[in-house]
Amino acid sequence: MIRWSPTAPARAACPHRRIARLLTRLLPPGAQLGASTMRPWASANFVGARHLFPLTLPAGTALTDLSAQLAAFDWRLAGHIVADVAVEPQPGGLRVEILSVED
C-alpha cells in the first residue's frame, strides 16, 4: 500500500476500472478482454500508471483499424489524461497498453 504525505494534496483516484469499461465499449463484436494489470509510472514531471489489457480478437479484425480507433478516442477520465495508447501483437492475441497521467 502506498501512503502519501498528509501534507501533500490528495491524489486523484486511479482510473483503471474506468479505462477498462471504456475499452470494452470500443472493442469490435466478439473481442474478449482478459485480466488486466496496472503498474505505477512516473517521470520527472508526471505521475500516472501503465494499464495493460490482454485482448483476443475474432478472425478477420484489422489491427490497424483498432489501433486508429483507440488512438483517436476521447478518453474522459476525471483527474487524468491518457498520454499514449499502444496496441501490440502477442502470442494468442494482442496487448493494449494505455498510459494515464494525473491532470
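Here are three short exercises on the salt bridges of this predicted model. Local features need pLDDT of at least 70 and side-chain atom pairs count only at pLDDT 80 or more, while totals for chains, interfaces and linings use all residues. Residues are numbered from 1 along each chain as its sequence is written, and side-chain values use heavy atoms, with hydrogens and water left out.

**Exercise 1.** Find out how many salt bridges the structure holds.

*Solution.* Start with the term: a salt bridge is a side-chain nitrogen of Lys or Arg within 4 Å of a carboxyl oxygen of Asp or Glu. Going by that, the structure has four. One of them joins Asp74 to Arg76, with the closest N and O atoms 3.0 Å apart.

**Exercise 2.** Work out which parts the Glu97 and Arg50 pair ties together.

*Solution.* First, check the contact: the two side chains meet in a salt bridge at 2.7 Å, N to O. Next, place both residues: Glu97 sits in strand 5 (residues 93-102) and Arg50 in strand 3 (residues 47-56), so the pair ties together parts 47 residues apart in sequence. Strands here are DSSP runs of E, at least two residues, numbered from the N terminus. Finally, look at the wider picture: Arg50, Glu88, Arg95 and Glu97 are linked in a network of salt bridges.

**Exercise 3.** Sort Glu97, Arg50 and Arg76 into buried, partly exposed or exposed.

*Solution.* Grab the cut-offs: buried is under 20% relative accessible area, exposed is over 50%, and partly exposed is in between (1.4 Å probe, protein chains only). Glu97, at 16%, is buried. Arg50, at 23%, is partly exposed. Arg76, at 61%, is exposed.

Note on methods. Helix = DSSP H or I, 4+ residues; strand = E, 2+ residues; numbered from the N terminus.
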